[in-house]
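Biologist: Let us go through this model in short turns. Please start with the nucleic acid and finish with the domains.

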Amino acid sequence: MGVKKISDLFKGTPIELDQLRQKKLAVDALNIIYQFLASIRGYDGGLLSDSEGYVTSHLTGLLYRNARLLEKGIQLAYVFDGAPSKLKREEIKRRSEVKRKAREELDDALERGDMERARTVAQRTSVVTSSMIDDSKKLLKHMGIPVIEAPTEGEAQAAYLVQKKKVWAVASQDYDSLLFGSSTLIRNLTLSGRRKLPKSNRYTTINVEVFHQHELLQALELTKEQLVDMSILIGTDFNPDGVKGVGPKTAYKFIKKHGTLEDVISNEESVVLDIDIEAIREIFLKHEINDNYTIDFKPIDIEGVTEFLCEERGFNKDRVVNTLTKARKGQDSALKQKSLDAFFG
DNA sequence: CCCGTAAA
DNA sequence: TTTACGGGG
């Protein structure tokens with residue numbers, strides 16, 4: 001998922017969660033929903049769902065994560081993907097093939113009674129449906145959290161919101177937003193400060209880190225265009241394989257040596273790229289954006305949330321009200337700060 | 001993801 | 001007090 005390996009070339013700066021207080025961040029909604037579907041599961045590895053069969057894993061995740069962030073005065077704006085580009089559709093096809101295989105393996109594991117295997121494989125079968133997207137938007141709106149529609153890529157629209165100073169940064173695990181032109185990226189935005197390592201029961205502590213695009217470009221002495229070209233060599237969502245045997249270090253070396261992707265291809269025999277380079281460049285550098293949006297952080301509508309989650313989706317009311325009441329305290333102080341800022345200009 | 005509880 | 005784990009829906 002996305003460009004991930006730039007950390008081998010440039011390290012982010014650790015940042016305390018407190019430094020994000022009163023800040024607005026944009027996130028790629030589908031990415032986050034997908035992560036929740038993969039991680040929030042019952043004991044048997046199945047998704048959480050209500051009595052009617054509506055999946056609730058993602059709603060659980062969105063509720064608690066946003067509540068905790070709002071409590072800290074951190075506001076997320078959720079950007080939903082529009083129609084995928086032609087190139088992205090191929091990647092989506094590839095991913096659905098991975099999921100199909102994972103489902104087969106899941107059936108197999110269940111038949112053998114290998115629950116541990118079933119649970120890990122089940123995570124890879126996650127599919128975001130339109131019903132899940134509708135429910136997510138409904139919950140977010142009741143929580144007073146902005147929902148923004150992107151014409152195509154969510155990360156691209158999110159980056160645009162940073163450019164327009166509507167939000168301070170994009171929060172994401174991959175680096176795509178920097179290619180899309182976001183000046184600031186927050187990685188590892190987690191409240192727990194730790195993350196489970198795959199295929200084991202161990203945890204590592206992780207730091208929230210901040211990347212500034214201009215610092216990255218300065219440190220690597222690259223232009224924005226070269227950063228994109230380098231990423232295409234490594235592999236992006238639009239050419240996931242990149243170039244065989246070329247990782248971040250080699251890609252960087254090649255771009256520094258030759259300047260452009262075309263010159264890398266004509267001078268390095270090992271580099272073969274059977275893709276429409278210009279089309280990928282355009283996605284990152286000249287993408288469509290939606291200027292018709294509003295970013296409006298409103299107070300949490302506790303009644304609205306409970307009506308939806310508890311009446312319609314079977315959530316425990318005490319738990320929901322408790323969570324939201326705590327969140328509102330942090331939110332109140334954030335809104336108070338905002339009005340003070342407005343008053344003093 | 002978060003919470004509550006049990007165990008260390 | 002910290003960590004592990006099951007349950008949540």
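Biologist: By class, what makes up the surface near DNA strand B?

Modeller: This is a predicted model. The residues around DNA strand B are Phe36, Ile40, Thr60, Tyr64, Arg68, Leu191, Arg319 and Lys326. Tyr counts as nonpolar here, so Tyr64 joins Phe36, Ile40 and Leu191 in that class. The tally is four nonpolar, one polar and three charged residues.

Biologist: Which helix supplies the largest share of the surface near DNA strand B?

Modeller: Two helices each supply at least two residues there: H2 (57-71) and H14 (317-344). Thr60, Tyr64 and Arg68 are among the residues around the strand, and their numbers fall within 57-71. With three residues, the largest share comes from H2.

Biologist: Which residue places a polar side-chain atom 3.3 Å from a base oxygen of DNA strand B?

Modeller: Of the strand B atoms within 4 Å of the protein, 56% belong to sugar or phosphate. The rest belong to bases. A polar contact needs N or O atoms within 3.5 Å, so 3.3 Å qualifies. The residue is Arg319.

Biologist: Now DNA strand C. What percentage of its atoms within 4 Å of the protein belong to sugar or phosphate?

Modeller: 14 residues surround this strand, and the closest are Leu47, Leu48, Ser49, Arg313 and Asn316. By class, the surface has five nonpolar, five polar and four charged residues. On the DNA side, the atoms within 4 Å of the protein divide into bases and sugar or phosphate. The sugar or phosphate part is 46%.

Biologist: Which residue puts a backbone N or O atom 2.9 Å from a phosphate oxygen of DNA strand C?

Modeller: Bases of strand C also have backbone partners. A polar backbone atom of Arg41 is 3.3 Å from a base oxygen. A polar backbone atom of Ser49 is 3.0 Å from a base nitrogen. For the phosphate oxygen at 2.9 Å, the partner is Asn316.

Biologist: On to the domains. How much area do domain 1 and domain 2 bury between them?

Modeller: The assignment for chain A gives domain 1 (1-213) and domain 2 (221-287). Their C-alpha centres lie 26 Å apart. The contact takes 20 residues from domain 1 and 20 residues from domain 2. Carbon and sulfur atoms carry 72% of the buried area, which is about 1,700 Å².

Biologist: In domain 1, which residues lose the most area to domain 2?

Modeller: Three residues together account for 35% of what the domain 1 side buries. They are Leu9, Leu87 and Leu179.

Biologist: Which residue forms a salt bridge with Lys88?

Modeller: The count between domain 1 and domain 2 is two salt bridges. In the Lys88 pair, the closest N and O atoms are 3.6 Å apart. The salt-bridge cut-off is 4 Å, so the pair qualifies. The partner is Asp237.

Biologist: Which helix gives the most to the side of domain 1 that touches domain 2?

Modeller: By class, that side has nine nonpolar, three polar and eight charged residues. Helices H3 (86-112) and H7 (176-179) each give two or more residues. With five residues, the helix that gives the most is H3.

Key: Residues numbered from 1 in each chain as written. Chains lettered and ligands numbered in written order. Predicted model: local features only at pLDDT ≥ 70, side-chain atom pairs only at ≥ 80, totals over all residues. Heavy atoms only, no water. Near = heavy atom within 4 Å. Polar contact = N/O pair within 3.5 Å; in protein donor to acceptor, adjacent residues only side chain to side chain. Helix = DSSP H or I, 4+ residues; strand = E, 2+ residues; numbered from the N terminus. Domains from an automatic or database assignment. Contact = heavy atoms within 4.5 Å. Buried area = accessible area lost by both parts, 1.4 Å probe. Salt bridge = Lys/Arg side-chain N within 4 Å of Asp/Glu carboxyl O.
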